[in-house]
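This report walks through selected side-chain and backbone features of one protein chain. Please keep the sequence and the 3D view open while reading.

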Amino acid sequence: MFNMLKPFHHSLVKKIQSIAVIISIAACCLALQASATVKSYKKAVDGVTFSLDKGLLKVLVRRADIIEVKYTIFNTFETKPSLVVNNSWKTPALYQVAENKTEVTITTAKLKIRVNKATNAITYTDLKGNIITAEDSENKTITPATVAGISTNTISTQFVSPQNEGLFGLGCHPLDSLSINYKGRNQELLIKYLTGAIPVLLSTKGYGLMWDNYSASNFYGAEAGNTKFKYVSESGKQVDYYFFYGPSFDHIIDLYRTATGKAPMFGKWAFGLFQSQDRYMSEDEIISVKDNYRNNHIPVDAIVQDWYYWDPLPIGSHVMKPERYPHPKQMVDELHKANIHAMISIWPVFGKGTPNYDALEKMGGLTDITWDNVVTHTFDTYYDAHNPKARELYWDQARDSLVKRYGWDAWWIDQCEPDNGALQDARRQSNFSIGKGIDYFNTYSLQHTKGVYEGWRRDIPGKRAFFLVRQSFAGEQRNASTLWSGDIECTFKDFKNQVPQGINACASGLPYWTSDIGGYHFHWKAADWSQPDKRELFTRWFQFGAFSPIFRIHGKGERALFSKNWDDHTKAILLNFDKLRYRLLPYIYSLAGRVTTDNYTIMRSLAFDFRDDSKVYGIPDQYMFGPAFMVNPVTEQLYTAADADKKAKARQVYLPAASKWYDFWTGELLDGGQTISAAAPIDILPLYVKAGSIIPMGPHMEYATEKPANNIELRIYPGADGSFKFYEDENDNYNYEKGQYATFNLNWNDKTRKLTISDTKGKFPGMLKSRTFNIVMVKGNHGANVEVTGKADKVVKYAGKALVVSL
């Protein structure tokens, strides 16, 4: 018996010994993880450097409410400049340091930053000690890794996350589900075709985070049973992130743009309608589009020439094929005479056999990243946008061949991921002038737009830049960029996905976002827009587009507003929303002024204005458009689905509790804090206006600058106090940067029923010396709907001096 048990005993001992070894290894690993303890610290003008058991931690006080954190396991920090942050932080922020047995506390005028000595984990509190957020005890890690055959390090940062926290931002992911709140879900942050990445996160707890890493990354929002979140980058030598303390979302975005750059003003025309199609094939076709809009008196401000105007020449030739475009400058001039601006698509990709390719190759300005051209099936080459000299040559080529030569007003920057299909490792292994692709490819479009913006500002000084860009990264707003959501399909599912993506793109700090109204393609062909289901889709998408920061039709198939694909009823609905957009230009352009002067956000997650109302956190398809409008797109197929006869022509709308709400179409006043079934017939986008709002509306116009704003209908929605800042400038050029713009404030006191109009501050050439306000107190049908209100409650002449109007 004993002899029989002996082998079993020996086996058991072996297993116990193996388990002991595993436990010992695990303990060592944990000890290594926990070994980053604080040994000493040193104070400097810009912050505090901590020497750890292994490596270094640096807490940089950029401002009283902006903290940068760097961590490395190496002996020194990287010294390379940030591509995202362009603030040089010349003015030091005051702070104090104190310590006790367990932690070191850095105190600014707005924050306490507590560094745990045992774990180096950072806790952020307000001055009263209330926790804003905290790194987890297992917080910042740097782990050796091999990715695509490259020896590097995986970088991670982990935070504690309460159950009731809402998390927003992280850019635009066009194929994403309807989810909007990143609490409890993950997100890939790797820029590629139809996948975006903007590493900016906003929390309803009143803070923002921005990770300054440009490699492929992932956000994990449901760690440890949904009590933690972490950010993981596949490559780097240090953790580097920024903490912004709001607590309001508006202030967080203000701080983000303080760090990364202001968004410049677009020309006023850019807030009107863009007409685009994949693709106009000739000069004659473009002129016919212009004529059809103007002859039918349909408001429009821009017509777009999309790709392959160079066909059959290679991509990158920058030549408009003379047989189809015999007079490019004359064509653009004709658009300008009709008060229509012109945008052209120019790519960062070059086919062999073009002088531009040869010039870039000669100066070392090409990458080894190629795109399998879907038209020619040649492998065409991306230029190196991280190379300053290549950026300069790229701009010079486009300027002299197309942009300045013919007088184009705007640039469509397509295909700037850089997209090379499924060959992601080839991008990682590529050598940009600045370093390996693995460490930089998420910033390709940031550097590409930097080159064209700087060139435009230098060489086309009197015309505001406007770039429509397929991919964006943090900081790209400073390069006059508008992000569009890419080549989405013409389906209700894709439309439904765009709404939260627009909301989260703007919550990431980029103020201007747009989608292809109607979708780009239907199974890679043009949809039949004459069919009832596609008419319904386009109508609903157009309604949403009218309340997007940039208003833009694009895609395969004829879908201009004059198109014969639309029946009379559809045309009337589309024209009504086009007219509404143009009537709202005084409101929209004033908000654009705030974007530039105050770092404002126009398309606003409900958490911007109702952060304390947790019921808004999970709503993916409602948002504020400026301070007044709550927009509720109809993304369900209510009329042409198989079961349409069973569907109510309505959608559920939550009215946030902090306000009363007016139905824009009827003037009906509703209490907040309830979910209603909002009427949504095909001609109605459910729109609600917050009580206390002041909305300036202009006359009906066919283009943005057709009429001066000397006659404004001022709609006041009583029930709460309210204010609005009115902004004007010359509508184009950069004189506003020299202070040549004007503002005045409108303040409504609901108790006294008085409207105060402040003195006008500032001036600019050609500004109005006086204007008329037709003041309308909204009540029921009085002041409702799109049309000019027949009889104002009061008519006031304003000549720039303060007025008080009793109503």
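In this predicted model, the structure holds 64 aromatic pairs. One of them is formed by tyrosine 182 and phenylalanine 219, whose rings meet edge-to-face, with 6.3 Å from centre to centre and 80° between the planes. This pair links distant parts of the chain, since the two residues are 37 residues apart: tyrosine 182 belongs to the loop between β11 (167-169) and β12 (186-189), whereas phenylalanine 219 belongs to strand β15 (residues 217-222). Tyrosine 182 and phenylalanine 219 are both buried.

A stacked aromatic pair is formed by phenylalanine 538 and phenylalanine 542, with 5.9 Å between the ring centres and 25° between the planes. Here both partners lie in helix α12 (residues 532-545), where they are 4 residues apart, or about one turn of the helix. Phenylalanine 538 counts as buried because its relative accessibility is 0%, and phenylalanine 542, with a relative accessible area of 1%, is buried as well.

The two pairs can be set side by side.

| Aromatic pair | Centre to centre | Angle between planes | Arrangement |
|---|---|---|---|
| Tyrosine 182 and phenylalanine 219 | 6.3 Å | 80° | edge-to-face |
| Phenylalanine 538 and phenylalanine 542 | 5.9 Å | 25° | stacked |

Aromatic residues also gather in a group, for one aromatic cluster is formed by Phe266, Trp269, Phe271, Phe274, Phe466, Tyr512, Tyr589, Tyr727 and Tyr741. Elsewhere, rings are met by charged side chains: the charged end of lysine 230 sits over the ring of tyrosine 220, 5.6 Å from the ring centre, and the charged end of arginine 552 sits over the ring of tryptophan 412, 5.4 Å from the centre of that ring.

The next topic is helix packing. Two packed helices are described by the angle between their axes and the distance between the axes. For helix α7 (residues 388-406) and helix α10 (residues 444-459), the axes come within 9 Å and cross at roughly 55°, and α7 and α10 are therefore oblique to each other. The crossing of these two helices, α7 and α10, is right-handed. On the α7 side the contact includes Arg391, Trp395 and Arg399, while on the α10 side the residues met include Gln447, Gly451, Gly455 and Trp456.

Helix α13 (residues 568-583) and α14 have axes that come within 5 Å and cross at roughly 55°, which makes α13 oblique to α14. The residues that make this contact are Arg581, Tyr582 and Arg583 of α13 together with Leu585, Pro586 and Ile588 of α14.

The backbone deserves a separate look, beginning with cis peptide bonds. The peptide bond that runs from glycine 246 to proline 247 is cis, with omega near 0°, and proline 247 is placed in the loop between β17 (239-245) and α3 (249-260). With a relative accessibility of 34%, proline 247 counts as partly exposed. Leaving aside residues up to four places away in sequence, proline 247 touches Gly206, Ile252 and Arg611. The C-alpha atoms of proline 247 and glycine 208 are separated by 8.9 Å, although these residues are 39 residues apart along the chain. A cis peptide bond also joins aspartate 278 and arginine 279, with omega at about -10°, and arginine 279 is found in the loop between β18 (273-275) and α4 (283-295).

Positive phi values in residues other than glycine form the last topic. Alanine 480 has a phi near 60°, a positive value in a residue other than glycine, and its place is in the loop between β27 (467-469) and β28 (481-484). Is alanine 480 buried or exposed? Alanine 480 counts as buried, because its relative accessibility is 1%, and the cut-off for that class is under 20% relative accessible area. Asparagine 599 likewise has a positive phi, near 60°, and is found in the loop between α14 (585-598) and β31 (603-605). With a relative accessible area of 2%, asparagine 599 is buried.

Terms used. Residues are numbered from 1 along each chain as its sequence is written. This is a predicted model: local features need pLDDT of at least 70, side-chain atom pairs count only at pLDDT 80 or more; totals for chains, interfaces and linings use all residues. Side-chain values use heavy atoms; hydrogens and water are left out. Rings of Phe, Tyr and Trp (its six-membered ring) pair if their centres lie within 6.5 Å; planes under 30 degrees apart count as stacked, over 60 as edge-to-face and the rest as tilted. Buried means under 20% relative accessible area, exposed over 50%, partly exposed in between (1.4 Å probe, protein chains only). A charge sits over a ring if NZ of Lys or CZ of Arg is within 6 Å of the ring centre and within 35 degrees of the ring normal. Axes are lines fitted to C-alpha atoms, for helices over the stretch in contact, and angles run from 0 to 180 degrees between N-to-C directions. Angles under 35 degrees count as roughly parallel, over 145 as roughly antiparallel, 65 to 115 as roughly perpendicular and the rest as oblique. A crossing is left-handed if the near helix is turned anticlockwise from the far one by less than a right angle, and right-handed if clockwise. Contact means heavy atoms within 4.5 Å.
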